[in-house]
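Morning, everyone. I have one structure to walk through today. Please have a look at it while I talk.

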Amino acid sequence: MLGFVQKISQEKAIDLDKFHCWHPFTRQQEWTAADHQPLMIESGDGVWLKDMDGKRYIDGNASIWTNIHGHNHPVLNKAITEQLGRVAHSSFLGFGHPLASSLAKRLTDFFPNSSLQRVFFSDDGSTAVECALKMAVQYRIQSGQPKRTEFIAFRNGYHGDTLGAASLGGVEAFFAKFRKLGLTVHFVRDIEELKAMSAEVIERVTGVVIEPLVQGVNQIHVWPSGMLAELREWTSAEGLHLILDEVMTGFGRTGEMFACQKEGVVPDFLCLAKGLTGGYLPMAATLVREEIYDAFLGEAEKAFYYGHSYTANPLGCAAAIASLEIFEQEQTLVGVREKAIFLEQQLNLLQSKCPYIFEVRRCGLVAGIELRQMDGEPFAQSEAVGEKVCLAAREYQLLTRSILDTLVLLPPLSITRDEIEVAVAAIEAAIADVLG
Ligand SMILES: *Cc1c(COP(=O)(O)O)cnc(C)c1O
């Protein structure tokens, strides 16, 4: 049976890709151009990925913000393989399984006194958010406030690509085309603008959605410290739900297991995905306050008629439990806090040497390095400076992506100091190659 997954040459793989595959967020015209040689990843180990030519790179964006403990981690591999020997998937619709029970307990244990007691599993960040939105609306219908159907979100936020989650998206280039098809969402810039909203609008709103502490896709925009706690206070006073999208910030990224813990905040809905399985399998969870859940009890029509085929997939649960074990075994959070300080020092040093670095924005092991012209003016977007620098960084063993001209460094949490040095040196060399 070995060799069932046929081994093909890199050339063949690229040909087939260009003929059949459609990549996310990708200008396919350029991707499929004859002179574009896509990087084909074949394997990974720790923070390193290897391409089909055998070249190694640091996974500087943690495989699109998912990877936590590194690739090919023995504990994660073992947990998944052991579960594979039992059953790969069984339905959570109509049945339960022990791994989902244990995982739900472990996730809710991060929030004392059963303050977030209930877990709804789904598949990815978008669905974690999507289901929070539907629950929020249905909760209002079933608790005598049917007019509360609208949401408030923050400008330039990102919450996923399914239609409901996309309605909350504040990035015009992505979402403007679909705006009128989705939910009604009021966008605000910051908490001051939020607090200034008219009572007449707030009456129609069910909840406020935010990426706590840091907006990822918005070029790593770090919120002012204390803002989240203030938001919790305000939403509670107004009777609005606080829906936290911790799809990127969750699982240690900011130095706490969840970003909301940094400001002692317990939300009404907590949306988790990307790092939940350590970045090994697609899985998501929406944690909910029991009081919200209670509104779905009683008559049949009150149930939450929502779900996905792979909800609570046992392999995903096994990986998620193993990942939480590794957090304890490897003292991952302690490591993140130390390494975050080291990263900050390295980036400050880099900034002092490089006149094109306009600003470094950082929160835990998330960093955005914004490039501008020496006079502080942004580069013309058509110059694609950020993209070019990331491409150049490959020559120095770093894979990462830019958002406009902000270079994003968001490595697996298991990255070492030495590897951070390699990554920062790669950025320095790449900026020099592109901008001189
Ligand atoms: C990635 C991301 C999502 C969407 O998650 P998917 O798994 O890609 O659907 C939602 N919110 C935030 C903050 C994200 O970073």
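How do the residues of the lining of the second largest pocket divide into nonpolar, polar and charged? Fourteen, written 14, are nonpolar, five are polar and one is charged.

Before I go on, a caution. This is a predicted model.

Back to that pocket. The second largest pocket has a volume of about 590 Å³. It is lined by 20 residues. Closest to its centre are F92, F120, F304, Y306 and T311. Two elements each give two or more residues to this lining: β4, which spans 118–122, and α13, which spans 290–294. The largest share comes from β4, with four residues.

Now the ligand. Which residues surround it? Going along the chain, we start with W65. Then come D124, G125 and S126. Next are Y158, H159 and G160. After those we have E211, D245, V247 and M248, and we finish with K274.

What is the make-up of that shell in nonpolar, polar and charged residues? Four are nonpolar, four are polar and four are charged. Set that beside the pocket lining, with its 14 nonpolar residues and one charged residue.

Let me give you some contacts by atom. Take S126, where a polar side-chain atom lies 2.6 Å from an oxygen atom of the ligand. At G125 the backbone does the work of the contact: a polar backbone atom there is 2.8 Å from an oxygen atom of the ligand. Y158 also uses its backbone, with a polar atom 3.4 Å from a nitrogen atom of the ligand.

How much of the ligand does the protein bury? Taken alone, the ligand exposes 380 Å². The protein buries 83% of that.

Last, the overall fold. We have 17 helices and 17 strands. The C-alpha atoms fill a box of roughly 65 × 60 × 45 Å along the principal axes.

What radius of gyration would a compact globule with 436 residues have? The value would be near 22 Å. The protein has 22 Å, so the two agree.

That is my tour. Over to you for questions.

Technical notes: Residues numbered from 1 in each chain as written. Predicted model: local features only at pLDDT ≥ 70, side-chain atom pairs only at ≥ 80, totals over all residues. Heavy atoms only, no water. 1 Å grid on protein atoms, 1.4 Å probe; cavity = no way out; pocket = protein on both sides within 12 Å on 5 of 7 lines; lining within 4 Å. Points joined across faces, edges and corners; volume = space filled by probe spheres on them. Nonpolar A, V, L, I, M, F, W, Y, C, P; charged D, E, K, R; others polar. Near = heavy atom within 4 Å. Polar contact = N/O pair within 3.5 Å; in protein donor to acceptor, adjacent residues only side chain to side chain. Areas by Shrake-Rupley, 256 points an atom, 1.4 Å probe, with all protein chains shown as cover. Rg over C-alpha atoms; globule rule 2.2 N^0.38 Å.
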